[in-house]
Each structure stands twice: as C-alpha cells, then as structure tokens.
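Please work through the exercises below with the sequence and the model open beside you, and try each task before reading its solution.

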Amino acid sequence: MTRVSVGSRLHFGFQNLSLAHRRLYGGVGVALAEPRLELRAERSETVDCDDEAAREYVAAVVDHLDVPGARVRVDDDLPRHAGLGSGTQLALASLVAVAGAYDRSVDPRAVAPELGRGGRSGIGVATFEGGGFVVDGGHPTELFTTAAPERGEWTVPPVVARHELPDDWRFVLVVPDVSDGRSGEEEDQSMRTVVERADPTLAEDVAQLVTQHLLPAVASGDRTAFGAAVNRLGRLNGAWYADEQGGVYRPPAGELVAGLADESAVAGAGQSSWGPTVYALTGVDEAERVADAARDALTDTDHEGHVRVAAPRNHGAVVDE
C-alpha cells in the first residue's frame, strides 16, 4: 500500500491575461500545510474508490499505467471548488499512490496534462512537487485557442521562481458558505472570455509589481512588503475578472477582504483563484487574533463560514510506501 499526503495551495493571480503580450497566464501562488489531502492505494483487479471525485482520476491513472486496477481510499479531503487547488492535488496524489502500489515511478509534471491538470496555471503541479512560493512562466500566447484543447495537448508551465517562506508566517483562511467557485467547463469559458477582453496595460503593472516588489519581498522574508504585493496583485487581477465574477473580488470576498484589512496584524489579504476562499497573511503570534477578526468579518457580512489558520508548506507531497 502507498499513502500520499499533501496540503492545499493559494492562487494569488496571473501575470498576464492579454493576447497582446508574448506569454499568457503565468501563475503566482503558495503551498499550504492545511487543509490536507491524504489518500492510500493498493493493487486491485478493478477500480475501487470511495471518493466520487477521485474515481475519475484513478481510472485514468490505471489506464495510463496499464495496470488491472487499484483500491483507493481518501482519508482526508480538500474542500472542492473553493480556490484551494483540490482538483490538481487529488489527481496527482492518485497518480503517485497508484503508481507506488505497483512499484512504478512516475513524473507528475509529465502526466498532469493527461489527467486534465496544469493547462493554464502550473502552481498546483509545482506546489505538489516542491511546495513553497512559486511563480510559473505561463504559455506562449500563440498557443491560445478559443476552443479548449483536448486533454494531454499541453505541457505544464515551467517554474521560473521558487522560494521557501518563513516558518513563522501564517495564512488565515476564510471560506464563506456560498456557492462553489468556478471549475470545469464553466471556468474554461470564463477564462476565455477574460483573455479575449483583457486590458494589456494591466500586465505591465503586474510585471513591475512581481519583479520590483513581490520577488524581493519573498526573497528577503519581508512579510509586510509581501502582503502588500499579493494584495495588489489580487486587485489587478480582479480588474481583469470584474465582469465575470461580479466585481474586483467575487462577492462576498470583497467585504471580507476589507474587513480583514482593518486588522493591524494583517500584512495583506485577498481572494484565492475564483474563491470563495479569502486569505489574510499574518504572523504566528498574531494568527488567532486575525482568526477572530475573520469570524467577525463573516458575522458583519451576514455569512456563515469556516476559518482556519494554515502554515506555509515548503516541501512537496509526502509519500509513504
């Protein structure tokens, strides 16, 4: 039996969504220790999986490896369609676990496209591989098509920068009880619409932000500067997405971000991917205070929800055989 354990990820945004520039997308994000996915696999004559979402990936992995089947059990799962990267982590954990059960070695980055992952952002694949703060290089713009490519007809964007985050940083996660964030065909259609309409000048502002503020901040461990940079990155991305998600942030994320920004211990706040998860960056000693502020923000916006504190994860998935 092979067991795989991996945390979630935050997606802060993209570097470019305009067809006017040479490279498209270019994700920016960070690996988290929590919430966590844990699953185990062993050999079987059939595909036997207790998790509906994982079953599709397990079946695809069995076909890819040309093995009879696999028995997979998901012991801990990530929230689905919440902006925490559940799909990619589930797909790659299934791949590595089933391969391990058959004493096979696999390259998650190479196989991810066959599983339908890594088509736009490479952050989920990169954080599965090595954790940390990651910037990917995106795709050549000339490869963009209005119709979504078939599975496997892409390569995962390369990692162009990776840094470990200080152990005393914490991300307070707020997940309001609202409808799921966009995924699948709905997400594909929204992304194509955004790309076709994107203002190219925003990418120039993002490039300056990433190179002159964000990367120096993470390299030097400056939490205040890093928080300010990811907060601005989220707002710039929100200008691209405003028509598709109903504002700079997807409601009620904007109200939650504003509420958290009033807390002095918060270095920066924003929305992860399509949401609904909102994050706030703080320090380990202030984390519970910020978590209380997050609960107050939920109450003030008349929303139920869940709040948790997560440390950064500076390593890849853990595999036990």
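**Backbone exercises**

Asp103 sits in the loop that joins H2 to helix H3 (108-111), where helices (H or I, at least four residues) and strands (E, at least two) are DSSP runs numbered from the N terminus. The model is predicted, so local features need pLDDT of at least 70 and side-chain atom pairs count only at pLDDT 80 or more, while totals for chains, interfaces and linings use all residues. Residues are numbered from 1 along each chain as its sequence is written, and side-chain values use heavy atoms, with hydrogens and water left out.

**Exercise 1.** Determine the sign of phi at Asp103, and decide whether Asp103 is buried or exposed.

*Solution.* Start with the backbone: phi of Asp103 is near 55°, a positive value in a residue other than glycine. For comparison, most residues other than glycine have a negative phi. Next, take the accessibility: Asp103 counts as exposed because its relative accessibility is 66%, given that buried means under 20% relative accessible area, exposed over 50%, and partly exposed in between (1.4 Å probe, protein chains only).

**Exercise 2.** Check the span of helix H2 (residues 86-101) against its expected value.

*Solution.* The expected span is 1.5 Å times one less than the number of residues. For the 16 residues of H2 this gives 22 Å, and the end C-alpha atoms are 22 Å apart, which agrees. As for covering, 16 of the 16 residues of H2 are buried.

**Exercise 3.** Find which peptide bond leading to Pro35 is cis, and place Pro35.

*Solution.* The bond from Glu34 to Pro35 is cis, with omega near -10°, and Pro35 lies in strand E2 (residues 23-43).
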